[in-house]
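Could you walk me through this model in the viewer, one selection at a time? I would like to know what to pick next and what is there when I do.

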Amino acid sequence: MTKELDLTFPLIVDSRGEINSAYGVVGLPTTFLIGRDGLAVARGVGPRDWASDPARTVIQALLGAPAAKHKGR
């Protein structure tokens, strides 16, 4: 599906519903934006226009954030 739609981001298939349960998914599609620290910083339920100016602004801000510092490294 990723190649057919020419997507450049990873897709995760949750065939057992584990992610749905862990994150409280209430509708499909549900999209999570994950920060560099690995935490979900935004959630979209339903279709979204990820090419829109507001969506691009959020994504660019996330990409511009400094990488998370991990303890012990």
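Here is a tour in six stops, each starting from a selection.

Before you start, keep in mind that this is a predicted model.

**Stop 1: the helix and its tyrosine**

Select residues 18-23, which make up helix H1, and then pick out Tyr23 within H1. Is Tyr23 buried, partly exposed or exposed? Its relative accessibility is 43%, and because partly exposed covers the range between under 20% for buried and over 50% for exposed, Tyr23 counts as partly exposed. For a sense of distance, add Lys3 to the selection: Lys3 and Tyr23 are 20 residues apart in sequence, and their C-alpha atoms are 27 Å apart in space.

Now keep Tyr23 and add Ile12 and Ile19. These three residues form a nonpolar patch on the surface. Together, Ile12, Ile19 and Tyr23 have about 310 Å² of accessible area.

**Stop 2: the aromatic pair**

How many aromatic pairs does the structure hold? There is 1. To see it, show the rings of Tyr23 and Phe32, which form a tilted pair with 5.0 Å from centre to centre and 50 degrees between the planes. The angle explains the label: planes under 30 degrees apart count as stacked and over 60 as edge-to-face, so the rest are tilted.

Phe32 sits in strand E1. With a relative accessible area of 23%, Phe32 is partly exposed, and its partner Tyr23 is partly exposed too, at 43%. If you would like another distance to draw, go from Phe32 to Leu7: the two are 25 residues apart in sequence, with 16 Å between their C-alpha atoms.

**Stop 3: the largest pocket**

Next, turn on your pocket display and go to the largest pocket, whose volume is about 880 Å³. Which residues lie nearest its centre? Select Leu11, Ile12, Thr30, Thr31 and Phe32, which have that place among the 21 residues of the lining. Colouring by element helps here, as H1 and strand E1 (30-34) are the elements that give two or more residues to the lining. E1 gives the most, with 5 residues.

Two names return at this stop. Ile12 belongs to the nonpolar patch on the surface, and Phe32 belongs to the aromatic pair.

Stay a moment with Leu11, found in the segment before H1. Leu11 has 40% relative accessibility and counts as partly exposed. Draw a line from its C-alpha atom to that of Thr31, and you should read 9.8 Å for two residues that are 20 apart along the chain.

**Stop 4: a cis peptide bond**

Step back along the chain to the loop between H1 and E1, where you will find Pro29. Select Leu28 along with Pro29 and check the omega angle between them. The peptide bond from Leu28 to Pro29 is cis, with omega near -5 degrees.

**Stop 5: the salt bridge**

Now show the charged side chains and look for the salt bridge, as the structure holds 1. Which residues form it? Select Arg16 and Glu18, whose side chains meet at 3.1 Å, N to O. That fits the criterion, because a salt bridge calls for a side-chain nitrogen of Lys or Arg within 4 Å of a carboxyl oxygen of Asp or Glu.

Colour the pair by accessibility while you are here. Arg16 counts as exposed, at 68% relative accessibility, whereas Glu18 is partly exposed, at 47%.

**Stop 6: past the second helix**

For the last selection, follow helix H2 (53-64) into the segment after it and pick Pro66. Is Pro66 buried or exposed? At 71% relative accessibility, Pro66 counts as exposed. To finish, add Ile34: Pro66 and Ile34 are 32 residues apart in sequence and 13 Å apart in space, C-alpha to C-alpha.

Definitions and conventions
Residues are numbered from 1 along each chain as its sequence is written. This is a predicted model: local features need pLDDT of at least 70, side-chain atom pairs count only at pLDDT 80 or more; totals for chains, interfaces and linings use all residues. Side-chain values use heavy atoms; hydrogens and water are left out. Patches are made of residues with over 30% relative accessible area and no salt bridge: like charges are joined within 9 Å, nonpolar side chains (Val, Leu, Ile, Met, Phe, Trp, Tyr) within 5 Å. Accessible areas come from the Shrake-Rupley method with a 1.4 Å probe; for residues, only the protein chains shown count as cover. Helices (H or I, at least four residues) and strands (E, at least two) are DSSP runs, numbered from the N terminus. Buried means under 20% relative accessible area, exposed over 50%, partly exposed in between (1.4 Å probe, protein chains only). Rings of Phe, Tyr and Trp (its six-membered ring) pair if their centres lie within 6.5 Å; planes under 30 degrees apart count as stacked, over 60 as edge-to-face and the rest as tilted. On a 1 Å grid over the protein atoms alone, a cavity is a set of points where a 1.4 Å probe fits but cannot get out, and a pocket is an open set with protein on both sides within 12 Å along at least five of seven lines; lining residues have an atom within 4 Å of a point. Grid points are joined across faces, edges and corners, and a volume is the space filled by probe spheres set on the points.
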